[in-house]
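Me: I would like a close look at one part of this model. Set the scene with the whole chain, then go into detail.

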Amino acid sequence: MDSPYFLFLLSCLAVFRGSELIVLDDGPWFTMKKLRGSCKGHPAWCELLTCYYCVSSYVSAMAVGWLCYFNLIDRAQAVFWWAATWGGAAFIFRVVRKRE
């Protein structure tokens with residue numbers, strides 16, 4: 001992977017899909033649905049697991065951590081990659097949801 005643009009696009013798509021899996025999909029064996037249902041008594045936790053933009057922030061941080069661990073991006077740029085992939089995933093989410 002010589003192109004940072006391809007890595008950025010792939011990262012944005014991965015963050016988008018991972019966040020969508022947690023927030024909107026039931027997941028395999030209904031695990032995500034059970035996870036969201038288990039926080040019914042705790043409104044703060046429920047908000048953190050059902051808000052797409054909040055979840056995409058966490059997933060983006062994990063993705064950037066993975067990229068840093070395998071030396072695919074420079075550690076000095078990690079904060080910028082985190083913000084960029086988070087914003088890219090949010091943009092993709094808005095474009096996809098607008099069509100539905």
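What percentage of the 100 residues of the protein chain count as buried? And what surrounds serine 56 in helix α4?

Reply: This is a predicted model, where local features need pLDDT of at least 70, side-chain atom pairs count only at pLDDT 80 or more, and totals for chains, interfaces and linings use all residues. Residues are numbered from 1 along each chain as its sequence is written, and side-chain values use heavy atoms, without hydrogens and water.

Of the 100 residues in the protein chain, 31% count as buried. Buried means under 20% relative accessible area; exposed means over 50%, and partly exposed lies in between (1.4 Å probe, protein chains only). The chain has five helices and zero strands. Helices are DSSP runs of H or I with at least four residues, strands are E runs with at least two, and numbering starts at the N terminus. The C-alpha atoms fill a box of roughly 45 × 30 × 25 Å along the principal axes.

Now serine 56. This residue is in helix α4. Serine 56 counts as buried because its relative accessible area is 0%. Its side chain reaches the backbone oxygen of tyrosine 53 at 3.0 Å. Setting aside neighbours within four places in sequence, serine 56 is in contact with Val15, Ser19 and Trp86. Contact means heavy atoms within 4.5 Å.

Val15 also belongs to the largest nonpolar core, a group of ten residues that includes Cys12, Phe16, Tyr52, Val55 and Val59. Such a core is a set of buried Ala, Val, Leu, Ile, Met, Phe, Trp, Tyr and Cys residues joined through side-chain atoms within 4.5 Å. Helices α1 (4-23), α4 and α5 (78-99) each give two or more residues to this core. The largest share, four residues, comes from α1. In soluble globular proteins, nonpolar side chains tend to be buried together.

Phenylalanine 16 is another member of this core. Beyond four places in sequence, phenylalanine 16 touches Tyr52, Ala89, Ile92, Phe93 and Val96. A second, separate core has seven residues, among them Leu7, Val64, Leu67 and Ala78.

Helix α4 spans residues 52-69 and holds tryptophan 66. Trp66 joins Tyr69, Phe70 and Leu72 in a nonpolar surface patch, with about 490 Å² of accessible area together. Patch residues have over 30% relative accessible area and no salt bridge; nonpolar side chains (Val, Leu, Ile, Met, Phe, Trp, Tyr) are joined within 5 Å, like charges within 9 Å. A salt bridge puts a side-chain nitrogen of Lys or Arg within 4 Å of a carboxyl oxygen of Asp or Glu. Accessible areas come from the Shrake-Rupley method with a 1.4 Å probe; for residues, only the protein chains shown count as cover.

Conventions: Polar contact = N/O pair within 3.5 Å; in protein donor to acceptor, adjacent residues only side chain to side chain.
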